[in-house]
Every structure is written in structure tokens, then in C-alpha cells.
Amino acid sequence: MSNKEVKAALKSARDAIRNKQYKEALKHCKAVLKQEKNNYNAWVFIGLAAAELEQPDQAKGAYKKAIELEPNQLLAWQGLANLYEKPNQTDVKGDLADVYQKLLELHESGDKQKWCDICNKLVELYHQEKKYLEVAETWQKLIRMKQEEGAEKAELHQLWKKMIQLLKDSTRNQDNKTGQLLLTAFEHALHSADTVPGEDHQNLYKDFIQCLSKFPHEVTRLEKACDDMMALYPSMTYPLEVLCLHFVQSGTLPEKALTCFSKLLEMDASSGPGIIGFGIKCLKENKYKEAVKSLTEGLQKTKQCPAAWYYLAEAQMKIHEHRNAVLSCNQALEALGTPEGPNLQWKNLVFQLKAETLIKIADADAAEKAIKALEQIVDGASDPVISALRGQAYLNKGLMDQASKVSQELLLSHPDLAEAHALEGFIHYSQKNYEQAEKSFLHAIERKAGIAEYHQYLGLTYWFMSDETRKDKGKALTQFLKAAKLDSYLGSAFCYLGNYYRDIAGDKSRARGCYKKAFELDETDEESGTAAVNLSVELGDMDTALSILNEVTEKARPGTAKWAWLHRGLYYLRTGQPSQAVADLQAALRADPKDSNCWESLGEAYFNRGSYSTALKSFRKASELNPGLVYSIYRAAALEQILGKYENAIATYQQILKKTENYVPALKGI
């Protein structure tokens with residue numbers, strides 16, 4: 001086949017393809033290849049015809065042969081791109097990306113529009129594959145080319161915005177380079193905006209700041225962006241809110257943070273981040289109740305702020321609201337989600353605080369949860385303070401051997417650690433080894449004098465050690481006073497101060513004040529509440545006694561606060577108010593239906609009210625529960641007599657006299 005014949009055959013192949021006679025085209029090409037096996041156009045035409053005949057493997061092979069022959073010719077590359085773009089071609093996206101890259105290279109010095117079209121296709125392909133770095137780098141090449149061509153500012157602005165749109169999902173699994181390219185796109189888009197200030201520019205700034213807040217290491221850039229936006233849009237609270245939450249989450253409170261909190265609350269008194277910031281400020285100033293109030297309010301508006309939940313738990317723990325503190329820790333852990341990056345540090349802090357709080361609750365169930373929380377702390381096994389907490393949890397769970405083992409190991413490895421000596425003290429105290437406990441707590445206080453719990457336990461050690469140490473002002477009393485001074489919310493310290501002033505010093509007034517304070521701090525502390533009421537009665541101050549009882553009964557759920565209902569019921573009984581006495585004594589019995597003395601008092605109240613039949617039932621119930629209550633049996637007999645049930649009355653009187661021959665009221669009754 002001559003040169004002329006080769007050209008004719010190729011022309012025939014081209015015409016056949018144009019007329020969709022693909023098999024005919026293949027015949028002409030094969031004839032050419034018999035003569036010239038390295039004919040570039042013949043291989044390209046075979047690729048084209050085979051693709052149309054749905055023979056992708058043959059088409060691909062032909063194009064690749066053509067590329068091998070002429071790597072810098074467009075036709076074969078374009079044909080391969082068209083082949084890979086077909087819907088029936090799967091698993092070729094990586095190959096297609098390589099083809100697009102080559103086409104970009106070939107078009108770079110030629111048709112700019114074609115180059116841009118291919119660039120768009122390549123970016124779209126990378127975006128589908130979530131290859132965000134490649135997306136960013138390719139799009140930047142497009143922008144650079146447009147800049148070189150002298151594109152208008154408005155067109156460049158739209159291109160930067162498109163780049164932001166393409167990369168907006170990349171912040172979830174960000175590599176640093178992609179992140180930097182995204183932030184650069186934001187900055188260029190902001191600088192190229194036409195209307196400044198303006199609504200679009202404002203929204204773009206908000207998106208930029210939101211994006212920056214996801215990058216923990218871009219603190220300086222975030223602060224600058226917020227400051228710049230505030231300067232441009234002084235009435236907008238958004239940049240201030242982001243800045244406030246940034247400071248909250250950073251765990252540090254520089255002067256600038258406090259200024260931001262104040263400024264934000266001036267602009268919007270109901271701003272969640274502003275109220276949270278104020279709550280943290282209160283916490284740092286030891287205003288714990290105000291901190292709890294503000295943090296709770298702020299978190300109702302801005303829930304997804306793990307650091308704020310942590311600070312709320314810390315404030316709740318300071319005022320001994322331990323169960324609420326555990327709930328706040330759980331909220332913090334939920335808000336933290338995956339423990340990556342800076343979140344890991346917060347997660348460790350939250351688990352430690354949760355464990356400390358559960359240990360304060362001091363029951364076996366809470367101890368088990370505390371152990372589990374401590375297990376979640378990354379590298380916690382190497383932290384001696386965490387080990388001491390684990391020892392306390394073991395002790396609360398009744399695992400004495402494990403607690404002792406932890407204590408001994410800590411004392412050997414960290415002899416100067418206050419927590420190690422305190423743990424040893426708690427163990428000795430629980431075993432009533434008071435002399436050893438005293439030594440341990442003194443060692444702990446020597447190393448950390450500002451811990452109220454250590455002084456409280458040393459005080460308890462002296463209280464139970466002997467009468468001498470209990471009465472010695474320099475022992476138990478001094479330690480309880482120190483504990484109360486260091487922690488003004490420690491109810492148990494005030495309760496024992498009450499015990500000291502009542503039982504040792506004989507100072508009823510001061511004792512009453514201490515019990516009252518203890519009860520105000522912990523309304524579940526029945527011992528302090530009862531003592532405050534009893535001492536108020538002894539001091540002739542019924543107003544205070546009633547005020548305490550009224551406060552408790554108003555808040556009490558059905559079936560609770562028996563002591564308060566009983567005390568107030570007896571007061572009404574003594575003061576001739578039988579109907580009120582009946583209501584309160586019934587409420588006391590709902591809390592404890594098996595209290596025979598309470599049934600006896602209820603019978604008395606019914607009797608005084610003139611409800612004899614009901615009174616009779618109450619006295620009978622009392623004597624059923626406690627057959628030794630002779631007075632209840634006598635009152636039942638007397639009521640039977642009043643109700644005209646004489647035979648029953650005589651039988652009941654005789655029953656009493658069998659047990660107590662000279663019981664005068666029964667003798668008189670019979």
C-alpha cells in the first residue's frame with residue numbers, strides 16, 4: 001500500500017465514522033496498520049470506532065497505543081477522556097483525572113477556554129472523590145490563569161467564592177494545607193468584594209469566622225477577623241459571640257476575654273455566650289451560686305459548648321450539688337463528641353471531674369461509675385492523682401484490698417503527694433483506726449493545707465477517737481472550724497460544729513445557728529434540720545422552728561420529709577390545732593406507715609378533733625405495730641367506753657391489767 005493509498009484509506013475511515021459505519025471504519029484502519037503499524041491516526045480512529053461499538057477495552061488499547069506513539073498529540077488524549085466520561089465506565093476516575101491533567105498541559109499555551117473547561121471537569125471529578133487538596137490546588141491554577149488574562153475583579157470574586165463553596169465540607173477531615181488554601185480563598189473573596197460594608201460581604205465574613213473557629217491553631221487569625229468585622233459592623237454581635245466562645249473553650253481568661261464578655265452583654269443582655277462568660281467570671285471569683293445561675297441560663301441558649309458544661313459542673317461541685325454536677329459532666333461529654341485534638345484534653349478533665357463528683361456521692365453504685373470514668377482518661381494510669389481517686393472509689397465500693405494496694409503503691413512512689421496520705425487516712429478512718437488516720441491526715445494537710453475535706457476528716461477522727469479529743473478545743477473543734485472556713489458550703493462541718501456547741505460547750509444558741517446553716521446547705525440533712533427545730537423549741541423560738549418546718553414541707557414530695565411533718569404535727573397537737581395535726585401526721589405516715597408512735601400521735605389528734613371512731617382505729621394500729629405501747633391500748637379501751645362498746649372496753653382494760661397489774665388509768669376505766 002503506497003503513501004497515497006494509506007491517506008485514501010484513512011479518509012475512507014474518517015468518512016465511515018462520520019456516517020456511523022464503525023465496522024467499515026475498522027476495516028480501513030486495519031488495512032492501514034498492515035502497511036504502517038505505527039500510524040497514529042489509524043489507532044485514534046480504531047479507538048473512536050471501537051468506543052462507539054461498545055468495545056471499551058479495544059478502544060482503550062487503541063488510544064493508549066496512539067499516545068505511546070505521539071504522547072503530546074491531543075486527539076488520542078481527547079478520545080480517551082471521552083471514553084472514560086461514558087456512564088458505563090466505572091472505576092476509571094483516577095485514570096480520567098490523569099487524562100485531564102495531560103489535557104491541561106497540552107492546552108496551556110493554546111485554547112484558554114478549552115483549558116478552563118477541562119479544569120472545571122477535573123475539579124468536579126476531585127470534588128466527587130472528596131480530594132479537597134487537589135480541588136483547591138487545581139482551582140487556584142484556574143484563578144491564576146484568569147488573573148494573568150486580566151479578569152475583572154467581580155469575576156475573580158465569584159471564583160474565590162466558588163472555591164469556598166467547593167471546600168466547605170473539607171473542614172471535617174482537614175489537612176493543614178487544604179485548610180490554609182480555604183482560609184486564603186476567604187481572605188481573597190473578602191478583599192475582592194464590591195460593596196463593603198454590605199449584606200453579602202457581611203455573610204461572607206460570618207462564614208469566614210465560623211470556618212476559622214474550627215481551626216484550633218488559628219487563634220491569632222480568628223481574633224483579628226473578629227476585630228476587623230466588629231470595626232466594619234459595630235452593631236453586629238456575631239463576631240463578639242464567636243470570640244467569647246473561643247475564650248471559653250480555650251480554658252484561659254485574659255483581660256481581653258473579660259472585656260468581650262462585658263461588651264457583648266451591653267449589646268445583648270440575653271446573649272448565651274455573654275451570659276456563659278459572666279458565669280465563668282463568677283466561678284473564678286468564687287461566687288459559685290451566681291456562677292451556677294448564669295452558666296445554667298447561658299447553656300439554655302448555647303447548648304453545644306462543652307467547656308461551659310464543664311465549668312457548670314465545677315461550680316455545682318463547689319456548692320455540693322453533686323448529682324447535678326454529674327449530669328453537667330455528661331452533657332459536656334456529649335457536646336465534645338470525638339476526643340480528637342484539643343477535645344482530648346477537655347475530655348480527660350471532664351472524666352476526672354465526673355469521677356471526683358461521683359466519689360463525693362459516696363455510695364457503691366456511684367463508686368462503680370467513678371471507676372469507669374477514670375478508666376476513660378487517656379494516660380490516667382500514670383497520673384498519681386488519678387490513682388488516688390481510683391483508690392477512694394475502691395474504698396467507697398467496699399474493695400478494701402484494692403484501695404490499700406493503691407495507697408501503699410502511691411506512698412512508695414509519691415511520698416510527698418497530699419492525695420496519697422489522704423487516701424491512707426480515709427482507709428484508716430473507715431476501719432476506725434483513728435490514731436493512724438490522724439497521722440495520715442496531718443501529713444496530707446502538711447502538704448496541702450487548703451483542702452477542707454482533709455480538715456473535716458481530721459475533725460471527725462478526733463470526734464470519734466475519744467472523749468478527750470472530742471472535748472479538746474484544739475482538736476475536733478479547730479478542725480471543723482478550719483473546714484467550714486475553707487469551704488462555706490460544707491454542710492457536714494457545720495453539723496458537727498452544732499454537735500460540739502450543743503453536746504460539749506452547752507451553747508444552744510450557737511449550736512442552733514450551726515445546725516440551721518448545715519440544713520440550709522443540705523436540705524436532705526434530717527439530723528441538722530431536726531436539731532435546729534428542737535433547739536429552737538428549747539430556746540422558745542417557735543417562729544424559727546415553724547419557719548424551718550414550713551419551708552421543708554412546702555418543697556416536700558409525697559412520701560418524703562417524715563421528720564418535718566411529724567415535728568409540725570406534734571406542734572399543732574400541743575397547741576390545740578387538731579385538724580392541722582391530723583393532716584401533718586398523715587403526711588408523716590405516708591413516708592413511714594410502720595411508725596407506731598406516729599399512729600399513736602395521730603390517734604390523739606383525731607381524739608382531740610372529736611373523731612372518735614377514726615381515733616380508735618389509729619390507736620389499734622399503733623398497738624398492732626408495737627404491742628408494748630400500753631398507752632395506745634388504754635386509749636383504745638377508753639374510746640370503746642366512750643362509743644358505748646362496754647364489753648370490748650372491759651376486755652381491753654383486762655388485757656392491760658394482765659401485763660401491768662397496777663396501771664391506774666385501766667383500773668379507773670374498768
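**View 1. H107, a buried histidine in helix α6.** In this predicted model, H107 has a relative accessible area of 6%, so it counts as buried. The residue belongs to helix α6, which covers residues 93–107. Leaving aside residues up to four places away in sequence, H107 touches L74, K114, W115 and I118.

**View 2. Q456 and its contacts in helix α25.** Here we're looking at a glutamine with a relative accessible area of just 4%, so Q456 is buried too. Helix α25, residues 452–465, is where Q456 lies. Skip residues up to four places away in sequence, and Q456 touches F480, A483, L490, S492, A493 and Y496. Two of those names, F480 and Y496, turn up again in the next view, as members of a ring cluster.

**View 3. An aromatic cluster, with an arginine over one of its rings.** Ring pairs join F426, Y429, Y434, F441, Y457, W463, F464, F480 and Y496 into a cluster. Look at W463 for the charged visitor: the charged end of R470 sits over the ring of W463, 4.8 Å from the centre. For bookkeeping, the structure's aromatic pairs come to 23.

**View 4. Y571 and Y572, a tilted pair of sequence neighbours.** The ring centres of Y571 and Y572 are 5.6 Å apart, with 50° between the planes. Both tyrosines are buried. They fall within residues 562–595, one of the spans that the unreviewed UniProt entry marks as "repeat: TPR". That span is 79% helix and 0% strand, and its end C-alpha atoms lie 10 Å apart.

**View 5. Y631 and Y634 in helix α36.** Why is this pair called tilted? The planes of Y631 and Y634 meet at 50°, between the 30 and 60 degree limits for stacked and edge-to-face, and the ring centres are 6.4 Å apart. The two tyrosines are three residues apart in helix α36 (residues 630–642), so about one helical turn separates them. Buried or exposed, how does each one score? Y631 is partly exposed at 34% relative accessibility, whereas Y634 is buried at 18%.

**View 6. R635 over the face of F607.** In this arginine-on-ring arrangement, R635 lies 4.3 Å from the centre of the F607 ring. F607 falls in residues 596–629, another of the spans given as "repeat: TPR" in the unreviewed UniProt entry.

**View 7. The TPR span at residues 40–73.** UniProt (unreviewed entry) puts "repeat: TPR" here, as well as at residues 562–595 and 596–629. How much of residues 40–73 is helix, and how far apart are the ends? The span is 79% helix with 0% strand, and the end C-alpha atoms are 9 Å apart.

**View 8. Two cysteines without a disulfide partner, C211 and C514.** The structure has zero disulfides. For C211, the nearest cysteine sulfur is that of C226, 12 Å away. C211 is buried, with a relative accessible area of 7%. For C514, the nearest cysteine sulfur belongs to C495, at 9.6 Å. C514 is buried as well, with a relative accessible area of 10%. Why doesn't C514 count as bonded to C495? A disulfide needs the two sulfur atoms within 2.5 Å, and here they are 9.6 Å apart, so C514 is in no disulfide.

How values were computed
Residues are numbered from 1 along each chain as its sequence is written. This is a predicted model: local features need pLDDT of at least 70, side-chain atom pairs count only at pLDDT 80 or more; totals for chains, interfaces and linings use all residues. Side-chain values use heavy atoms; hydrogens and water are left out. UniProt positions are given in the numbering used here, feature names are shortened, and annotations may be inferred rather than shown by experiment. Helices (H or I, at least four residues) and strands (E, at least two) are DSSP runs, numbered from the N terminus. Buried means under 20% relative accessible area, exposed over 50%, partly exposed in between (1.4 Å probe, protein chains only). Rings of Phe, Tyr and Trp (its six-membered ring) pair if their centres lie within 6.5 Å; planes under 30 degrees apart count as stacked, over 60 as edge-to-face and the rest as tilted. A charge sits over a ring if NZ of Lys or CZ of Arg is within 6 Å of the ring centre and within 35 degrees of the ring normal. Contact means heavy atoms within 4.5 Å.
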